[in-house]
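This report examines selected features of a protein structure for a reader who is new to such descriptions. The sequence and the structure are shown first.

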Amino acid sequence: MLGKLDWSAIPFDQPIPLVAGAVVLVAILGVLFWVVVKGHLPYLWDEWITSVDHKRIGVMYILLASVMLLRGGSDAIMMRIQQAVAYQSQGYLPPEHYNQIFSAHGTIMIFFVAMPFVIGLMNLVVPLQLGVRDVAFPTLNSVGFWLTATGALLVNISLVVGEFARTGWLAFPPLSGLSYSPGVGVDYYAWSLQISGVGTLVAGINLVTTVLKLRTKGMNYLRMPMFCWTTLASNLLIVAAFPILTATLAMLLLDRYLGFHFFTNEAGGNVMMFMNLIWAWGHPEVYILVLPAFGIFSEVVSTFSGKALFGYRSMVLATMAICVVSFMVWLHHFFTMGAGPDVNAIFGIASMIIAIPTGVKIYNWLFTMYGGRIRFATPMLWSVGFMVTFIIGGLTGVLVAVPPADFMLHNSMFLVAHFHNVIIGGVLFGAFAGFEYWFPKAFGFRLDERWGKAAFWFTFTGFYVTFMPLYIAGMLGMTRRLQHYDVAAWRPWMIVAAFGMAVLSIGVICQIMQLVVSIRNREALRDRTGDPWDGRSLEWATSSPPPVFNFAFHPDVRGEDAYWDMKTRAQQQSFDHDVPGYQDIEMPRNSPTGFICAFFASIMGFALIWHIWWMVILGGIGAFATFVVFAWRDHDEYVIPAEEVARIDRINLEERRSLVSMAGAV
Amino acid sequence: MSMTATVGHAHADPHHIGIVIEHPGPASKRIVTAYGFWVFLLSDIVMFSCFFAAYAVLSGQTAGGPSGAEIFEQRNVAIETVCLLLSSFTCGMASIAADVRNRFWFYLGMAVTCVLGLIFLVIEFREFADLVARGYGPSRSAFLTSFFSLVGCHGLHVSAGVLWLLTMMAQVFAKGFRADVLRRMMCFALFWHALDIIWVGVFSVVYLLGGAP
């Protein structure tokens, strides 16, 4: 009846996951209770859960990422403490638990923190920057988000019901095969990634189509803000790479469920094929994450330097070059496989070549700052911190791209330090910069600068104190994923790293405090103009938060930095908007399709993990029925009448006129 | 806030080529939908390419079991291929009928497409069932694993296509040739033709190359 599921799946003998699970459960129930009692449920359902508004969906993506960041961060803290204490002892985490923690940490941080964070920012900002009213497929957008949330849900369920994979974040066979991992851990891993992977693919298709087919009048390709370009590159990579992940995990699942022989040691299976396939997805994946971050830095640096981006066209070229070359370097993740010197040399050189367009970008940002009137607001601090940190990470990356050096450093703590250096220093700093930069746009008030700066400095310092020691430990020969060790020379570095983790945690607390304080002081921090940073691109041309239709008129773009251009012209011509002819606007209706689909996907995923076959069929039928019901509806759009559009737009225009006259007075 | 800093190079023709094509604005819904579906099909083809790659790597790994030449029956595969290619033609007829709002020819075209798809699926299913009965299931060897996965993945796509086809017929029956129904029909046609292209790959790589003695 319930497949492999019985009471032994609940880890009654392990207090840590049980207590953590209980706390989370109580918190969720508490929030639900509060929502229901206060009568917020209809609001949540109408305005958020069923919303197909790209801005709302973007915010929900970022919320999901923030919650999962806390989960993944807790795993990181536990690992750092374990390695600080487990010198010639077992520490406090038994090996099977420790292995689950590092696997969950990697999986969560990549798939459920970094991915939703950047996809959320792209969703929120790109249609605004392109001057359009929504993404190409609004309902599908909602489906994509909720499927991602389903994946996150399954990973978290594994904390309490059953176990998570003990295989590392990429589940290499034969360890992840049925003979060495007979439990449900790898199944949790694979199904949650399959489901959220579909969500990511949907988001990728949606954003590619949005950038290529939905741009306002005059928004030629070479007038798009840099963030739109990096969004395009990143989502092209999603479309080309995520199907590889889907296929690879499907093969692994076929091996596990139906006794196939893709990656087994028997009957001619080929383990190295898994390595090639998973990294053919995995390497583009790191650029899927970091390219949008590059876009964010481009926007931030240009805005806070008060200058147009230096070398815009070279930046576009560099972005697209990275997009292409990122598909030609996957083998550097396993130089030690023994493919021979020729193959290793080619992939080593290709890996080093990627440093060239990246270097172009760094110089472009530096030259953008050069001679500019720089304001060191929080987003700018994250950007400058990124440039310093990312260069170090890039240099160690070029080092491990040299095959002979890689043979020494492969799977060592040096490697761990390197990829944290680029992912934290690149992606996470970028996500935070974007968060600080676009928060006023999303919510209509700015974030508190003092807490923001404190968060930056603690995170920045904490990062260095945590990860520089890991480079040294790697040089001293420490391999990754050690539950305990007996080498005295490593110990001091592990203790320093644990201390650094504490500093990093203070940074996270400051980040939370910033949010709390800013929400409390939101009236004082209110952004009435829609343009709090003196911005340059079109998202600042509408109010904060933007109306549901974003723009009353599709803006007419005449060049790069479209909004800057408009402001300059308006200053010369004194904003002579004669009252324009407003028209009705058609917007897509809200739809629970995404939520219901994800509901059935959750049921199906859980049933597949535990081999509850009748429930799988039930979930499948439910998902299909949801689509048919969606396809059957007669009204998929509603109309905002012209008077309403005019009313909303006039309020915004009034605020802006006062801004311009004030600026004129100065 | 002051706005005195330098203005970006705001002209559309920085190299003075003399040709400036202003982007006309957002594309129509029909174009956006078809374009997005194309992008999806490309990603689907990438997924198939992984199974093709796996087949290429593993096709020699028979582990003492049968090789392709011993188990493939060219006659059945030829019938399958004819069915699928013909169904592409009838699917095209149904698309044209939908464009000119002709219900009779639409239903007829779709029905024939459906029957041809089902014949294809039955033949494939019988081939699979026969192999499994002879002890040559996917667990027998890595070659058979990759064969069943690649061909089966295509078969699953065709099955999903048949389900979609029936849903489309029901939709036209219930809603008529509405704009959104026509857009979906266009996507379905793209999907069905793409499956044909993939079958040409399967036919060539698996049955022709693998069937050679």
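The sections below describe a predicted model.

## The contact between chains A and B

The contact draws 55 residues from chain A and 46 residues from chain B. On the chain A side, the elements that give two or more residues are α6 (185-213), α7 (226-258), α8 (271-305), α16 (562-573) and α18 (613-632). Which of these elements gives the most to the side of chain A that touches chain B? The answer is α7(A), with ten residues.

Sorted by class, the side of chain A that touches chain B holds 27 nonpolar, 16 polar and twelve charged residues.

## The annotated domain

The UniProt record, an unreviewed entry, places the feature "domain: Cytochrome oxidase subunit I profile" at residues 43-558 of chain A. Over residues 43-558 of chain A, 69% of the chain is helix and 0% is strand. The C-alpha atoms at the two ends of this stretch are 40 Å apart.

## Helix α8 of chain A

Helix α8(A) has 35 residues, and at 1.5 Å a residue it should span 51 Å. The expected span is 1.5 Å times one less than the number of residues. The end C-alpha atoms of α8(A) are 51 Å apart, which agrees with the expected value.

The helix nevertheless contains a kink of about 30 degrees, centred on W279(A). Is α8(A) largely enclosed by the rest of the structure or largely exposed? Of its 35 residues, 30 are buried, so α8(A) is largely enclosed by the rest of the structure. Just after α8(A) comes G306(A), whose phi is positive, at about 65 degrees.

## Unusual backbone geometry

Most residues other than glycine have a negative phi, and most peptide bonds are trans. Several places in chain A can be set against this background.

Two peptide bonds deserve attention. The bond from P173(A) to P174(A) is cis, with omega near 5 degrees, and P174(A) lies in the loop between α5 (138-160) and α6 of chain A. The bond that joins S544(A) and P545(A) is also cis, with omega about -15 degrees. The loop that holds P545(A) runs between α15 (491-520) and α16 of chain A.

Positive phi values occur at D534(A) and H611(A). D534(A) is not a glycine, yet its phi is positive, at about 60 degrees. This residue is in the loop between α15 and α16 of chain A. Is D534(A) buried or exposed? It counts as buried because it has 20 C-beta neighbours inside 10 Å, and the cut-off for a buried residue is 20 or more. H611(A), likewise a residue other than glycine, has a positive phi near 60 degrees. The place of H611(A) is the loop between α17 (593-609) and α18 of chain A. With 15 other C-beta atoms within 10 Å, H611(A) is partly exposed.

## The surroundings of S543(A)

S543(A) is found in the loop between α15 and α16 of chain A. The residue is buried, because 22 other C-beta atoms lie within 10 Å. Which residues does S543(A) contact, leaving aside its neighbours within four places in sequence? They are G530(A) and N652(A).

A further distance concerns S543(A) and A9(A), which are 534 residues apart in sequence. In space, their C-alpha atoms are 51 Å apart.

Notes:
Residues are numbered from 1 along each chain as its sequence is written. Chains are lettered from A and ligands numbered from 1 in the order in which they are written. This is a predicted model: local features need pLDDT of at least 70, side-chain atom pairs count only at pLDDT 80 or more; totals for chains, interfaces and linings use all residues. Two residues are in contact if their C-beta atoms, placed from the backbone, lie within 7 Å. Helices (H or I, at least four residues) and strands (E, at least two) are DSSP runs, numbered from the N terminus. Ala, Val, Leu, Ile, Met, Phe, Trp, Tyr, Cys and Pro count as nonpolar, Asp, Glu, Lys and Arg as charged, and the others, Gly among them, as polar. UniProt positions are given in the numbering used here, feature names are shortened, and annotations may be inferred rather than shown by experiment. A residue is buried if 20 or more other C-beta atoms lie within 10 Å of its own, exposed if 12 or fewer, and partly exposed in between; C-beta atoms are placed from the backbone. The bend at a residue is the angle between axes fitted to the seven residues ending there and the seven starting there.
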